[in-house]
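Me: Could you take a close look at one part of this model for me, the place where the two chains meet? I'd like a connected walk through that contact rather than a list.

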Amino acid sequence: MTAPILQVKNLGMSFGGIRALDELDLEVNSGEIVALIGPNGAGKTTFFNCVTGIYQPTQGDVMLNPPSRSSIRLNNLKPNQVAEKGMARTFQNIRLFQNMTVLENVMIGRHCRTKSFILGAILRNKATREEEYQTIEKSYHILQKMGLEKQANDLASNLSYGAQRRLEIGRALATEPFLLLLDEPAAGMNPQETAELIELINKLQQEGQSILLIEHDMKLVMELSHRIYVMDYGRRIAVGTPEQIRNNPVVIKAYLGEAADA
Amino acid sequence: MDYFVELFFSGLTRGSIYALIALGYTMVYGIIGLINFAHGEIYMIGAFTSFIVATVLSIYGFPLLAIVVLAGFAAIIWSSAYGYTVEKLAYKPLRHAPRLSPLISAIGMSIFLQNYILLAQTSDFLAFPELIPDLDFMEPYAHVVGTTDLVILATTAISMLALTLLIKFTRIGKAMRATSQDRTMAMLVGINVDRVISMTFIIGSALAAIGGMLIASHIGQINFMIGFIAGIKAFTAAVLGGIGSIPGAVLGGFVLGLTESFATGYVSSDYEDVFAFGLLVLILLFKPSGLLGKADIQKV
């Protein structure tokens with residue numbers, strides 16, 4: 001058994017007196033789809049923000065264990081460093097670079113995997129040109145995977161809602177992450193778009209992509225996840241397979257409240 | 001007719017200098033939302049650097065072309081170093097402070113740099129060596145457009161073209177656009193935002209240094225205060241064109257330069273600033289976001 005690709009131990013985050021995250025443990029194994037669910041305000045997005053370097057957690061460890069490399073402690077790293085180490089994310093609301101083309105959005109994702117700088121841009125030496133060519137090649141390949149290659153030169157703001165969501169995933173994939181974090185990828189989608197998304201995530205998983213996702217759409221969660229973590233009030237209240245979670249009384253209580261006569 | 005053409009070219013010359021400086025204002029504003037009031041001083045430092053280098057080299061009898069190129073490079077490097085340092089010292093520590101704090105810091109930096117040059121150099125006007133000789137083939141047109149005007153126009157055009165290509169097509173240019181649109185997201189896709197911001201200051205300062213050297217050799221004298229009025233004018237140009245927009249800064253610069261030139265030629269040089277700022281007021285009345293600026297749509 002290899003070490004889990006993401007290992008979160010005893011993670012805590014306080015905003016003044018409010019404990020948004022409390023002694024949270026979480027693990028994602030290589031090639032696994034893990035879902036993080038919980039009622040609104042449970043601290044799921046705070047968890048993502050802590051893991052990706054937007055917030056600095058007040059206690060605990062976030063360790064990334066890339067396959068066949070030594071593990072990296074992600075605490076106190078800046079978001080761009082976290083991305084460089086191999087973790088990419090999307091947001092609950094769409095945050096594309098709206099004034100750039102679809103292709104450029106994905107190319108931006110390749111930024112931390114490329115090197116050329118001002119001097120290269122001026123001299124246009126062979127290495128720079130080759131790198132640019134590869135960036136376009138790889139970005140286009142990702143667009144094909146996302147089914148967006150026909151719109152490559154459209155502005156991102158002109159895409160349909162579902163396509164914008166897919167583009168966000170594509171941009172995240174362009175950073176070549178070991179672990180992909182999706183924050184409510186199906187939010188606001190119609191049933192058909194959700195079905196397409198499920199298919200897409202399945203395809204990514206089959207290619208070996210490890211995924212951690214936050215989602216409210218239970219159909220998607222139950223269908224995709226290998227394991228589910230349930231949070232409430234910043235704590236982990238349950239973990240298990242979709243089957244175990246579905247029948248867990250603690251989870252049902254957190255979502256529906258306690259019956260008056262119980 | 002000749003008079004009109006003459007005014008037109010002198011307006012373009014002025015305008016291109018304003019545009020070169022305005023680009024620095026607009027790029028910095030686009031990326032970190034700050035009006036960098038110390039930018040005029042960077043331009044002034046560019047003029048002083050090229051003055052010192054050009055004077056020293058001409059004492060040693062370097063050929064004119066070598067003097068121009070070396071003085072230009074020295075000005076670009078030195079001004080860029082100042083721009084970079086100013087950002088690191090005065091703005092970076094205030095990155096998460098309320099918007100007013102870096103603005104005050106910028107004004108402080110501007111005053112500091114002016115006085116520093118006053119003390120380190122002189123308060124007198126210095127005669128700037130004539131770097132650009134009158135070319136023979138320009139002789140027949142000399143009564144409407146001088147060689148310096150032409151050189152300034154050409155240099156500005158090349159600089160702007162280079163900047164446009166850089167921003168549109170290169171890796172760092174894409175990173176700059178991404179950072180200006182959504183800084184957090186830019187970080188999350190792995191862009192080192194601090195480096196992009198530094199780069200923006202360096203590029204803006206380099207453009208200002210080019211402007212400083214060109215205008216100093218055109219007008220023929222420099223002084224520690226030249227950055228102040230040039231900065232205000234260029235800032236006006238940037239606002240006129242729509243602050244944050246790069247084509248806007250260029251357009252604003254030319255509109256402002258031409259307005260001033262025609263006002264000077266047809267009315268009186270006393271009214272130059274009246275027309276310039278009157279135009280600004282008029283445009284802002286009818287199009288508050290500037291000529292090419294996009295109105296910020298506040299979503300509720």
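Reply: Between chain A and chain B, eight residue pairs are in polar contact, with both partners at pLDDT 80 or more. Keep in mind that this is a predicted model.

On the chain A side, the elements that put two or more residues up against chain B are helix H2 (79-85), helix H3 (102-109) and helix H4 (118-123). H3(A) gives the most, with four residues. Sort that side of chain A by class and you get twelve nonpolar, nine polar and seven charged residues.

Speaking of charge, three salt bridges turn up across the interface of chain A and chain B. One of them pairs Lys78(A) with Asp194(B), and there the closest N and O atoms sit 3.1 Å apart. The cut-off for calling a salt bridge is 4 Å, so this pair qualifies.

Now zoom out to the whole contact. Chain A brings 28 residues to it and chain B brings 24. People often put a size on an interface by the accessible area lost when the parts come together. Here, the area buried between chain A and chain B comes to about 2,500 Å². Carbon and sulfur atoms give 64% of that buried area.

As for how confident the predictor is, the model scores ipTM 0.81 and pTM 0.87. Chain B has a mean pLDDT of 90, and 98% of its residues reach 70 or more.

Notes:
Residues are numbered from 1 along each chain as its sequence is written. Chains are lettered from A and ligands numbered from 1 in the order in which they are written. This is a predicted model: local features need pLDDT of at least 70, side-chain atom pairs count only at pLDDT 80 or more; totals for chains, interfaces and linings use all residues. Side-chain values use heavy atoms; hydrogens and water are left out. Contact means heavy atoms within 4.5 Å. Buried area is the accessible area (1.4 Å probe) that two parts lose on being put together, summed over both. A salt bridge is a side-chain nitrogen of Lys or Arg within 4 Å of a carboxyl oxygen of Asp or Glu. A polar contact is a pair of N or O atoms within 3.5 Å; within protein, one must be able to donate a hydrogen and the other to accept it, and residues adjacent in sequence count only if both atoms are side-chain atoms. Ala, Val, Leu, Ile, Met, Phe, Trp, Tyr, Cys and Pro count as nonpolar, Asp, Glu, Lys and Arg as charged, and the others, Gly among them, as polar. pLDDT is the predictor's confidence in each residue, from 0 to 100.
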